[in-house]
Amino acid sequence: MERGLPHGGSQPGAVKRLTPKTAKRFILDNTALMAPPHVPEVLLHLADEAHDLWLRTEEELAEIGLPPPFWAFAWAGGQGLSRYVLDHPATVRGKRVLDFASGSGMVAIAALKAGAAEVIAADIDPFCEAVIALNLEANGVKAEYLDADCIDTDDGWDVVLAGDVFYDKPLADKLMPWFTSLKARGADILVGDPGRAYLPKKGLQSLAVYQVPVTRVLEDAEVKRTTVWRWDLPAPA
């Protein structure tokens, strides 16, 4: 299943209702610091089969006040995009970078390690602020966190990085004109995608293809063929 979470049995014991301000302890208790398989240079607080967070259903998470924690997993598109940035540091070196739909902050951290001058990690999930802060600290880098929907805005970023964002049609319909307008004014837009359903079928330049190890429960596969694309759709005449 795409952008879903594993479904397991209920876990005993009540959990206090979470808020973004009280999330840090929960994150530390329900994840472990580890490197994603395709990006060993980056450390992230991730959930795996050993953690209670892995076993909770979306309904159980909603009961404790936690939106689906996409930030707790290293998705294939983000891993591929991070790998590309680390292997091609000139892509971001000395530039101002937006990591859109940052999640765990993995791509933002890769950009910083590759020499970006400034990175903005943006996500509308308020719990991302806590996990990104923990992950930045673990990697010894600093980024600005932006709790906002950046779509249709333009803060002059040199590069926009977006991993795993074309899983939903309404979102894709908003992203395409936004990315195209940013491209038209000179931004470089890179998309990491493992074949999500709503990736545009044209106007993209393939930069690299990776075989990214993933968790079967999340992706219905053990390896996902992941492409890093450069957005090349022209602005409407």
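This text walks through a predicted model, from one helix to a pocket and then to single residues in loops and strands.

Helix α1 spans residues 23-30, and its buried residues are A23, F26, I27 and N30. These four cover an arc of only 100° around the axis, so they sit on the same side of α1. The face turned away from that buried side carries R25 and D29, both of them exposed. The cover over the buried residues of α1 includes the strand β2 (44-46) and the helices α2 (52-55) and α6.

The next stop is a pocket. Rolling a probe the size of a water molecule over the atoms shows where empty space is left. In this model the second largest pocket has a volume of about 260 Å³. Its lining is made up of 21 residues, and P37, L46, A74, V214 and T215 are the ones that lie nearest its centre. Two helices, α4 (76-87) and α8 (216-219), each supply at least two residues of the lining. By residue type, the lining of this pocket divides into 15 nonpolar, two polar and four charged residues.

One of the residues nearest the pocket centre, V214, can be followed further. V214 is found in the loop between β8 and α8. Its relative accessibility is 16%, and because buried means under 20%, V214 counts as buried. Along the chain V214 and A76 are 138 residues apart, yet their C-alpha atoms are separated by 6.6 Å. Another loop residue is P69, between α3 (58-63) and α4. P69 is buried as well, with a relative accessible area of 1%. The C-alpha atoms of P69 and A47 are separated by 9.6 Å, and the two residues are 22 apart along the chain.

Which part of the chain holds D123? D123 lies in the loop that runs from β4 (118-122) to α6 (128-139). D123 has a relative accessible area of 12% and is therefore buried. A polar atom of the D123 side chain lies 2.9 Å from the backbone nitrogen of G103. When neighbours within four places in sequence are left aside, the contacts of D123 are A101, S102, G103, C128, Y145, L146, D147 and A148. G103 thus appears both in this contact list and as the residue whose backbone nitrogen lies by the side chain of D123, at 2.9 Å.

Two further aspartates stand out for their backbone angles. Most residues other than glycine have a negative phi, and most peptide bonds are trans. D152 has a positive phi of about 70° although it is not a glycine. D164 also has a positive value, with phi near 60°. Is each of them buried or exposed? D152 is found in the loop between β5 (144-146) and β6 (159-163), and at 63% relative accessibility it counts as exposed. D164 is found in the loop between β6 and α7 (169-184), and at 2% relative accessibility it counts as buried.

The strands come last. V97 has its place in strand β3, residues 96-100. V97 has a relative accessible area of 0% and is buried. Beyond its neighbours within four places in sequence, V97 is in contact with V92, A111, A116, E118, V119, I120, V159 and L161. K201 lies 104 residues from V97 along the chain, and the C-alpha atoms of the two are separated by 25 Å.

L204 lies in strand β8, which covers residues 204-213. Its relative accessible area is 18%, so L204 is buried. Leaving aside neighbours within four places in sequence, the residues in contact with L204 are L199, W229, R230, W231 and D232. L204 and I120 are 84 residues apart in sequence, and C-alpha to C-alpha they are 24 Å apart in space.

T227 belongs to strand β9, residues 223-231. At 6% relative accessibility, T227 counts as buried. Its contacts, again without neighbours within four places in sequence, are V191, G192, D193, S206, A208 and V209.

How values were computed:
Residues are numbered from 1 along each chain as its sequence is written. This is a predicted model: local features need pLDDT of at least 70, side-chain atom pairs count only at pLDDT 80 or more; totals for chains, interfaces and linings use all residues. Side-chain values use heavy atoms; hydrogens and water are left out. Buried means under 20% relative accessible area, exposed over 50%, partly exposed in between (1.4 Å probe, protein chains only). A polar contact is a pair of N or O atoms within 3.5 Å; within protein, one must be able to donate a hydrogen and the other to accept it, and residues adjacent in sequence count only if both atoms are side-chain atoms. Contact means heavy atoms within 4.5 Å. On a 1 Å grid over the protein atoms alone, a cavity is a set of points where a 1.4 Å probe fits but cannot get out, and a pocket is an open set with protein on both sides within 12 Å along at least five of seven lines; lining residues have an atom within 4 Å of a point. Grid points are joined across faces, edges and corners, and a volume is the space filled by probe spheres set on the points. Ala, Val, Leu, Ile, Met, Phe, Trp, Tyr, Cys and Pro count as nonpolar, Asp, Glu, Lys and Arg as charged, and the others, Gly among them, as polar. The arc is that of the directions from the helix axis to the C-beta atoms.
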